[in-house]
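Reader: I am new to this structure and would like to know what stands behind the words used to describe it. Could we go through them one at a time?

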Amino acid sequence: MSRQRAVVIGLGRSGLACARVLDAEGCAVLVVDQGDDGKLRALAAELPPSVEVVLGGYADDVAVGAAMVCPSPGVRWDAPVLETARAHGVPVRSEMDLVFERCRAHIAGVTGTNGKTTTTSLVGAILAAAGGGVHVGGNIGDTVLDRLDSIRDGDWLVLELSSFQLESITRPRCRLATVLNVTPDHLDRHGDMARYISAKQRIVDFADPDGAVVLNADDPITRGMALASPAPVRLFGEGLVDVHGATVLDDRVVSIEDGQPRSVMAVADIPLFGAHNVSNVLAAVAMARAADTPFAVIARAVRDFHAVDHRLQPVLDRDGVLWINDSKATNAESAIVGLRAFGDRAIVWIGGGGRKGVGPEALVDEVVQRARHAIVCGATGAELDAALAARGYSARTLVPTLQGAVSVAKEIARPGDVVLLSPGYTSFDQFASFEERGTVFAALVRELHGVTDPQPATVDGVAR
């Protein structure tokens with residue numbers, strides 16, 4: 001690649017990683033971005049001086065004549081700049097595509113509409129508990145491409161893989177691969193459900209035949225992917241018998257191997273909220289057993305696991321009110337899971353955000369059934385408010401911002417309530433990311449209560 005031209009589109013984390021690595025490999029790197037502000041200029045200043053950066057826009061033919069063009073995940077795969085590049089024979093390569101091409105470790109890939117982050121983190125924690133080198137990344141954490149030098153042969157690289165990333169990888173070959181579930185999401189990006197499913201299924205289509213594919217038996221879409229797998233399939237779900245996989249039997253998580261259930265741990269020992277997290281644990285158990293991880297190691301790692309940031313994460317338990325940060329619930333299905341996670345406990349729900357091309361009907365139905373009061377805000381706030389009103393749901397408040405929503409929740413909440421930020425939409429109407437939204441929410445909650453200690457809340461004596 002020495003002095004060949006490479007164009008990187010987007011000056012985010014992925015773009016920065018691509019620019020640094022390609023520059024180190026000898027490419028003449030050009031980074032372009034539609035934006036031009038202080039934050040982007042500061043990021044540009046972090047790059048080596050040999051990298052050229054152009055902010056404020058670019059032409060559709062900017063990559064013509066280059067050896068490759070590397071778009072950030074936020075760039076549509078059919079964007080005019082990429083279609084123009086393809087028409088001129090320029091390879092389109094994403095950060096994840098370059099990772100799969102260069103990585104020497106065994107890759108465990110996790111995808112699905114919901115549960116990816118928790119399951120990815122669980123699998124990483126279990127494999128790490130078994131010993132050896134384990135690295136976690138992809139759609140969570142730090143970029144991977146610029147960390148490959150620290151990853152050795154025989155290590156595990158556990159990747160959360162979004163549909164955006166999977167559609168961009170030439171051959172997403174994973175030693176272990178799982179599809180947790182598939183429900184409508186990102187239809188504004190993919191166009192229709194068939195294309196979204198196809199993007200998710202690529203992790204199955206290209207699975208390593210010497211590894212395993214783990215699929216959700218309770219989801220007809222994911223279970224139907226078994227026929228496409230070149231690798232042995234393990235299932236997880238309810239009431240499974242006579243298959244390889246993981247299920248719950250007599251209130252215990254069990255691994256089914258050669259038709260025989262083998263106990264792993266009690267369901268009650270899972271330190272996470274909600275039935276959906278039992279499903280995530282089953283997926284992680286099936287993947288770990290496919291890697292020959294001992295039962296005792298799996299059980300210990302799960303018991304020691306805590307909620308990932310921004311996913312049903314306790315912020316504060318004060319005056320009988322539990323405040324929960326579920327900012328990572330960026331689609332309706334994920335928010336519905338959050339609403340179902342607290343049993344009979346009354347919920348003051350905070351929702352709304354940026355649009356994703358999916359209507360509010362399913363989410364509103366769940367809110368009406370489970371929330372004592374709904375506080376809606378952001379770009380979809382008025383839409384949610386109108387949908388709730390149409391169902392005769394009067395216990396609702398419409399505010400413009402998350403800050404206003406937290407203030408209203410403080411006034412409304414009473415002992416025994418859960419105040420749940422589980423938006424059901426993207427964060428981009430008010431924030432740069434769901435992480436920023438969750439961090440701001442937690443800070444607002446603590447500020448309202450005069451709390452300066454950033455330590456996680458404990459629930460029933462457990463830091464969940």
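**Terms and the values behind them**

Author: Helix α10 passes helix α11 in a right-handed crossing. The contact is made by V281, V285, A288 and R289 of α10 together with F295, I298 and V302 of α11. This is a predicted model.

Reader: What makes up the contact of α10 with α11 by class: how many nonpolar, polar and charged residues?

Author: There are 6 nonpolar residues, no polar ones and 1 charged. Arg counts as charged, and R289 of α10 is one of the residues in the contact.

Reader: At what angle do the axes of α10 and α11 cross, and within what distance do they come?

Author: The axes of α10, residues 275-290, and α11, residues 295-303, cross at roughly 145° and come within 11 Å.

Reader: Why is D292 called exposed?

Author: The cut-off for exposed is over 50% relative accessible area. D292 has 64%, so D292 is exposed. Its place is the loop between α10 and α11. Phi of D292 is near 60°, a positive value in a residue that is not glycine.

Reader: Which other residue has a positive phi although it is not a glycine?

Author: D258 is one, with a phi of about 55°. D258 sits in the loop between β12 (252-257) and β13 (260-266). Its relative accessibility is 69%, so D258 counts as exposed.

Reader: Is A296 in helix α11 buried or exposed?

Author: A296 belongs to helix α11. With a relative accessible area of 56%, A296 is exposed, since exposed means over 50%. The C-alpha atoms of A296 and V264 are separated by 7.2 Å, with the two residues 32 apart along the chain.

Reader: How do you know that H310 counts as buried?

Author: Buried means under 20% relative accessible area. H310 is at 9%, so H310 counts as buried. H310 lies in the loop between α11 and β14 (313-318). Leaving aside neighbours within four places in sequence, H310 is in contact with N325, D326, S327, K328, F434, E435, G438 and T439.

Reader: Why is V445 called buried?

Author: The relative accessible area of V445 is 0%, so V445 is buried. V445 is in helix α16, residues 434-448. Not counting residues up to four places away in sequence, V445 touches V315, L316, W323 and V406.

Reader: What separates the C-alpha atoms of V445 and L98?

Author: The separation is 41 Å, and the two residues are 347 apart along the chain.

Reader: What makes helix α12 largely enclosed by the rest of the structure?

Author: In α12, residues 332-339, 7 of the 8 residues are buried, so the helix is largely enclosed. The buried residues are A332, S334, A335, I336, V337, G338 and L339. What covers them includes α10, β16, α13 and β19 (418-421).

Reader: Which residues of helix α14 are buried, and how do you know that they line one face of the helix?

Author: In α14, residues 381-390, the buried residues are G381, L384, D385, A387 and L388. Seen down the axis of α14, these residues fall within an arc of 165°, so they line one face. They pack against β16 (347-351), α13 (361-370), β17 (371-376) and β18 (396-398).

Reader: Which residue with a positive phi follows α14?

Author: G392 follows α14, and its phi is near 75°.

Reader: How many helices and strands does the protein have, and why is it called as compact as a globular protein of its length?

Author: The protein has 16 helices and 19 strands. Its radius of gyration is 23 Å, close to the 23 Å that the globule rule gives for 464 residues, so the protein is as compact as a globular protein of that length. Taken along the principal axes, its C-alpha atoms fill a box of roughly 65 × 55 × 40 Å.

Reader: What percentage of the residues in the protein is buried?

Author: Buried residues make up 56% of the 464 residues.

Reader: What share of the contacts with a separation of 6 or more comes from residues 24 or more positions apart?

Author: Residues 24 or more positions apart account for 65% of those contacts.

Notes
Residues numbered from 1 in each chain as written. Predicted model: local features only at pLDDT ≥ 70, side-chain atom pairs only at ≥ 80, totals over all residues. Heavy atoms only, no water. Axes fitted to C-alpha atoms, helices over the stretch in contact; angles between N-to-C directions. Helix = DSSP H or I, 4+ residues; strand = E, 2+ residues; numbered from the N terminus. Left-handed = near helix turned anticlockwise from the far one by under 90°. Contact = heavy atoms within 4.5 Å. Buried < 20%, exposed > 50% of the residue type's maximum accessible area, 1.4 Å probe, protein only. Arc of directions from axis to C-beta. Rg over C-alpha atoms; globule rule 2.2 N^0.38 Å.
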